[in-house]
Amino acid sequence: MLLKNKIKNLKNILNSDNVLATLEERYCYSKDALNKALDSKIPDLVVFVENIPQIQKILKYANDHKIPIISRGAGTNMVGACSTPKGGIVLNFSKMNKILDINPNNMTMTVQPGVILNDIKESAEALNLFFPPDPSNYKVSTIGGAIAQSSGGAMAFKYGTTKDYVLSLKVITADGRILTLGANTHKDAVGYHLNQLMVGSEGTLAIIAEAVLKLIPKPSYKITVSAYFDSIHSLTQTVDEIISKNIYPSAIDFMDENSIKTVEKYCSCGLDTSKKYMLLIDLEGYEKDYKSQLNLLTEIINKYCVNNIQIAETEQESEKFWNARRVSYAATTRLAPDVISDDIIVPRQNLEKMINFCYETTTKYNLKICLVGHIGDGNLHPQIALDIDNEQEFKNYTNAKSEIYKKVIELGGTISAEHGIGVEKLSYIDKIIDKDTLEYMKLIKKAFDPNGILNPGKIFEMDK
Ligand SMILES: Cc1cc2nc3c(=O)[nH]c(=O)nc-3n(C[C@H](O)[C@H](O)[C@H](O)COP(=O)(O)OP(=O)(O)OC[C@H]3O[C@@H](n4cnc5c(N)ncnc54)[C@H](O)[C@@H]3O)c2cc1C
């Protein structure tokens, strides 16, 4: 707990309207979308920062007094990356939510960290430009969180993830210095790419105060194709054949039977609940090349699917399908008091084995699973609904998770494709990263944050 005089000093540094100090207010900031009863302390203070000099002052103070600093965007990460296991000061960026500049000619946008991804997308699209990163909750999550968590989404198949759109960052170091990392240009080969080091660093190396993002031309058409399959084998065969024929969809996603039923109960989206698997594919690009791609695509899907293919040609029709896919997490929360959504990834040739293993393991441990994912990338989201307070059920979940991760590694994959490590996967990091590499990561952390004040207890524990 921060001593009262320190809180007073901090309030003096800031406008007190921007500080939350009551127990009830602070409690709300001890958790995030992981929403798990962690051994988490409650933060000592929550500060709504408004500008860079304020961030610098808080960091200098925190560094001098060795107070933990936890950055927070919308708090929607799934791994407890914003939780406060060691107390400290939460920096809330919702007041730093301005788009500072759009340069259509250079195809760049300069933003503050609290800007919502959807605002970035809409502002780009108004100028016929495009910002592709699309975590399913892009209507609420912030760019600071997406950069710090290395967020992906459905469109990663064609366009890559947030990391591919970060050109330059202004960051504040633990001791309050401003660093400018990268350049405002689409190419940059000067020195170490410290801007990319910040991507996925989960607020443990520096605070992102400003970002210059890359934009690309907006594709002139988009269609969404959906079809149902009666086995995972026919679904994965379809995906493999589509990709091998050089068709290049922007997104290839799927939902399983439990997800289809759960989503349909939640919001009546018009999904066929009698079917086992649904495939969702977006084709985007330019008018001329899409017709031949679409013909070939439907030909392949028709060979394996069990219904008539549905094609959505308008934005509204397409949105109906994608909305069903995006609400699957929210729908799963209706099945039990808690849901933990994972984000494992394996090489595509091992997807079928991995999917079957997820089902076998959750059946063995009597757990409810809704499986969805960005199947074109080999990225699965097993969403497990459980009651964390039920000791046996939680033990079953922990055992199932360990076995699933073991299988992921055996199949040549990794334990996080896009959600990050936070506290949720911290105890598994040494299973996936070898000792020497981990040691280098810790050296980097020490160089940026010698006093260990930035989001301590996330990704890995520092050696004492
Ligand atoms: C329903 C749902 C669906 C989702 N679907 C996807 C998906 O499809 N793909 C995907 O990749 N993710 C997905 N996620 C996870 C989530 O969208 C991402 O992790 C998200 O981008 C985090 O944004 P945020 O603003 O909520 O960040 P937060 O959760 O607030 O923070 C995330 C991390 O960023 C750090 N941070 C925040 N701001 C800063 C800053 N200014 N400087 C330094 N560090 C900072 C925090 O300390 C924390 O470590 C989903 C989450 C939900 C709830």
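In the predicted model, helices α8 and α10 are roughly antiparallel to each other, because the angle at which they pack, about 160°, exceeds the limit in use, under which angles over 145 degrees count as roughly antiparallel. Helix α8 spans residues 232-244 and helix α10 residues 287-304, and their axes are 9 Å apart. The crossing of the two helices is right-handed. On the α8 side, the contact is formed by Ser 234, Gln 237, Thr 238, Glu 241 and Ile 242, which meet Leu 297, Ile 300, Ile 301 and Tyr 304 of α10. By class, the residues of this contact comprise five nonpolar, three polar and one charged.

A second helix pair is formed by α1 (residues 4-13) and α3 (residues 52-65), which pack at an angle of about 160° with their axes 10 Å apart. Helices α1 and α3 are therefore also roughly antiparallel to each other, and their crossing is right-handed. Helix α1 contributes Lys 6, Leu 10 and Ile 13 to the contact, whereas α3 contributes Lys 57, Ile 58, Tyr 61 and His 65. Four nonpolar, one polar and two charged residues make up the contact of α1 with α3.

The chain as a whole is divided into three parts, namely domain 1 (4-92), domain 2 (99-217) and domain 3 (221-329). Between the C-alpha centres of domain 1 and domain 3 the separation is 42 Å. The ligand lies between domain 1 and domain 2, because both of these domains give residues to the shell around it.

Around the ligand there are 36 residues, of which Gly 73, Gly 144, Gly 145, Ala 148 and Gly 203 come nearest. Three elements, β3 (69-72), α5 (143-149) and β10 (207-214), each supply at least two residues of the shell. Helix α5 provides the largest share of the shell, with five residues. In terms of residue class, the shell around the ligand consists of 14 nonpolar, 18 polar and four charged residues.

Methods
Residues numbered from 1 in each chain as written. Predicted model: local features only at pLDDT ≥ 70, side-chain atom pairs only at ≥ 80, totals over all residues. Near = placed C-beta within 6 Å. Helix = DSSP H or I, 4+ residues; strand = E, 2+ residues; numbered from the N terminus. Nonpolar A, V, L, I, M, F, W, Y, C, P; charged D, E, K, R; others polar. Domains from an automatic or database assignment. Axes fitted to C-alpha atoms, helices over the stretch in contact; angles between N-to-C directions. Left-handed = near helix turned anticlockwise from the far one by under 90°. Contact = placed C-beta atoms within 7 Å. Parallel < 35°, antiparallel > 145°, perpendicular 65-115°, else oblique.
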